[in-house]
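Got your viewer open? Let's take a walk through this chain, one selection at a time.

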Amino acid sequence: MKRKNIVILISGTGSNMAAIVQAQHAQQWPQRLNAQVSAVISNRADAAGLQWARERGIATQVVDHRQYPSREAFDAELAQAIEAHQPALVALAGFMRVLGDAFVNRFSGRLINIHPSLLPAFPGLHTHQRALDAGCRFAGATVHWVIPELDAGPIIDQAAVPILPGDTAATLAARVQSQEHLLYPRAIAAIMPTLR
């Protein structure tokens, strides 16, 4: 049976990527789910997560968005880099580029993202400050399927954290991120059996 490859896209430290790779080993995804992280691709050559992945024997690649004349040209090159690994799943993990409709549609049904809010609340940026400003009692993170509309795809799983007195955007972000590291691997493990 063909191994189900997971390609992860990052732009920075890749802490969620690392959490996924660590869960893959701890939970024996290659044996249990016939799945493995086959590649980590970044739009930034200086993304710290690339070195972390290389040190663990994972293929890495850089597709620098600044080298392309248009968003469409970048998306096309990125899609080719991903397709080379025959992915069953593409996971956005702190990938800080908005992907065009053609790219999203090409990977429809196998493209997921993690967002630092309890969607549908607070799509887009500055989610923690917006939750504080709105007087929310809870914040959290959402793993969802990616569709052309930003942060609007069907929800796969969520994790909530209480907003505490005296929280700042930074303290709330740190608490949410600790839950992201549990949530993203859990969501991937849940959906892998449904993917071809």
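Helices (H or I, at least four residues) and strands (E, at least two) are DSSP runs, numbered from the N terminus. Before you click, know that this is a predicted model, in which local features need pLDDT of at least 70, side-chain atom pairs count only at pLDDT 80 or more, and totals for chains, interfaces and linings use all residues. Residues are numbered from 1 along each chain as its sequence is written, and side-chain values use heavy atoms, with hydrogens and water left out.

**Whole chain, cartoon view.** Colour by secondary structure and you'll find 7 helices and 7 strands. Trace them along the sequence and the order reads β-α-α-β-α-β-α-β-α-β-α-β-β-α. Now rotate the C-alpha trace: along its principal axes it spans about 50 × 45 × 30 Å. The radius of gyration is taken over C-alpha atoms, and the globule rule is 2.2 Å times the number of residues to the power 0.38. For 196 residues that rule puts a compact globule near 16 Å, and the chain has 16 Å, so the two agree.

**Switch on the surface.** Accessible areas come from the Shrake-Rupley method with a 1.4 Å probe, and for residues only the protein chains shown count as cover. The chain exposes about 9,600 Å², with carbon and sulfur atoms supplying 53% of it. How much of the chain is buried (under 20% relative accessible area; exposed is over 50%, partly exposed in between)? Of the 196 residues, 48% count as buried.

**Select isoleucine 41.** You'll land in strand E2 (residues 35-42). Isoleucine 41 is buried, at a relative accessible area of 0%. Which residues does isoleucine 41 contact (heavy atoms within 4.5 Å), leaving aside neighbours within four places in sequence? Show Val7, Ile8, Leu9, Ile10, Gln61, Val63, Leu78, Ala81 and Ile82. For a distance to try, go from the C-alpha of isoleucine 41 to that of alanine 59: they are 18 residues apart along the chain and separated by 8.4 Å.

**Next, the rings.** Rings of Phe, Tyr and Trp (its six-membered ring) pair if their centres lie within 6.5 Å; planes under 30 degrees apart count as stacked, over 60 as edge-to-face and the rest as tilted. By this rule there are 2 aromatic pairs. Start with tyrosine 68 and phenylalanine 74: their ring centres are 6.2 Å apart and their planes at 55°, so this pair is tilted. Tyrosine 68 is partly exposed at 26% relative accessible area, whereas phenylalanine 74 is buried at 2%. Then pick phenylalanine 103 and phenylalanine 107, with centres 4.9 Å apart and planes at 45°, which also makes a tilted pair. Both phenylalanine 103 and phenylalanine 107 are buried.

**On to histidine 128.** Look in helix H6 (residues 127-133). Is histidine 128 buried or exposed? Histidine 128 is buried, with a relative accessible area of 13%. Not counting residues up to four places away in sequence, histidine 128 touches Pro116, Ala169, Leu172, Ala173 and Val176.

**Last stop: tryptophan 145.** Find tryptophan 145 in strand E6 (residues 138-145). Where does the chain come back to meet it? Among the residues that tryptophan 145 touches, not counting those up to four places away in sequence, are Leu89, Gly109, Ile112, Pro154 and Leu195. Select isoleucine 112 too: the C-alpha atoms of tryptophan 145 and isoleucine 112 are separated by 4.5 Å, with their positions 33 residues apart along the chain.

Methods. Buried < 20%, exposed > 50% of the residue type's maximum accessible area, 1.4 Å probe, protein only. Contact = heavy atoms within 4.5 Å.
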